[in-house]
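Me: I would like to go through a few local features of this structure with you, one question at a time. Please reason through each answer before you settle on a value or a name.

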Amino acid sequence: MPHQGTHGSGVAGMGLPGQDGRVSRRDEIAMGDDEIRSFLETARTMILTTIGPDGVPDPVAMWFVLRDGEVWMRTYAKSQKVANVRRDPRVATLVEDGDRYAELRGVQVSGRLELSEDIDVICEIAAALLVKYEGLDPEHVPAAMEAYRPTAVKQVAMRLVPERTVSWDHAKLMSGA
């Protein structure tokens, strides 16, 4: 295996040399659609970055779920992130893990957020979050959704609409895959 220092910083995904004259290996470490889905299904926290009122990026940690292959979150309708999205729906998200270079994995999605005030959708997302993060037994989802209705009226569901996705799995470099 080549020494890590021989890996270049070429123009990502284009096979063109970067500033150091080497070709990018980004295509080699990119995850496929199934790998991205699996990674996101088990990931715990997504960093959601909206554009603040002063134009400065405003990152926050969010719990999220996949619903029909799409990323969904929920939050209070009067939160700063919702005010930011109502003004400018463009967002960037990041989910990453790994403690050592060879273990680094991540998915970055740039796109926009669509807000939903549909109480049933908000309750569905809230219940799915309870299953994923709090261990709620799926058989109790209908009761959880019903119990959540009074809170849901103060919230919004947020659907991530991807426009660009970048992923990496450094284990692919180490295995030669």
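Me: Which backbone nitrogen does the side chain of serine 116 reach, and at what distance?

Reply: This is a predicted model, and in it serine 116 lies in strand S6, which covers residues 105-116. The side chain of serine 116 reaches the backbone nitrogen of aspartate 118, at 3.2 Å.

Me: Is serine 116 buried or exposed?

Reply: Leaving aside residues up to four places away in sequence, serine 116 touches Trp72, Val121, Ile122, Val156 and Ala157. Its relative accessible area is 15%, and because the cut-off for burial is under 20%, serine 116 counts as buried.

Me: How are helix H4 and helix H5 oriented where they pack, and how do the residues of their contact divide by character?

Reply: Helix H4 (residues 119-134) and helix H5 (residues 141-152) pack with their axes 8 Å apart and at an angle of about 120 degrees, which makes H4 oblique to H5. The crossing of H4 and H5 is right-handed. Among the residues making the contact are Ile122 and Leu130 of H4 and Met145 and Tyr148 of H5. The residues of this contact divide into three charged, no polar and 12 nonpolar.

Me: What is the phi of aspartate 68, and is this residue buried or exposed?

Reply: Aspartate 68 sits in the loop between strand S3 (65-67) and strand S4 (70-76). Most residues other than glycine have a negative phi, yet aspartate 68, which is not a glycine, has a positive phi of about 55 degrees. With a relative accessibility of 78%, aspartate 68 counts as exposed.

Note on methods. Residues numbered from 1 in each chain as written. Predicted model: local features only at pLDDT ≥ 70, side-chain atom pairs only at ≥ 80, totals over all residues. Heavy atoms only, no water. Helix = DSSP H or I, 4+ residues; strand = E, 2+ residues; numbered from the N terminus. Buried < 20%, exposed > 50% of the residue type's maximum accessible area, 1.4 Å probe, protein only. Polar contact = N/O pair within 3.5 Å; in protein donor to acceptor, adjacent residues only side chain to side chain. Contact = heavy atoms within 4.5 Å. Axes fitted to C-alpha atoms, helices over the stretch in contact; angles between N-to-C directions. Parallel < 35°, antiparallel > 145°, perpendicular 65-115°, else oblique. Left-handed = near helix turned anticlockwise from the far one by under 90°. Nonpolar A, V, L, I, M, F, W, Y, C, P; charged D, E, K, R; others polar.
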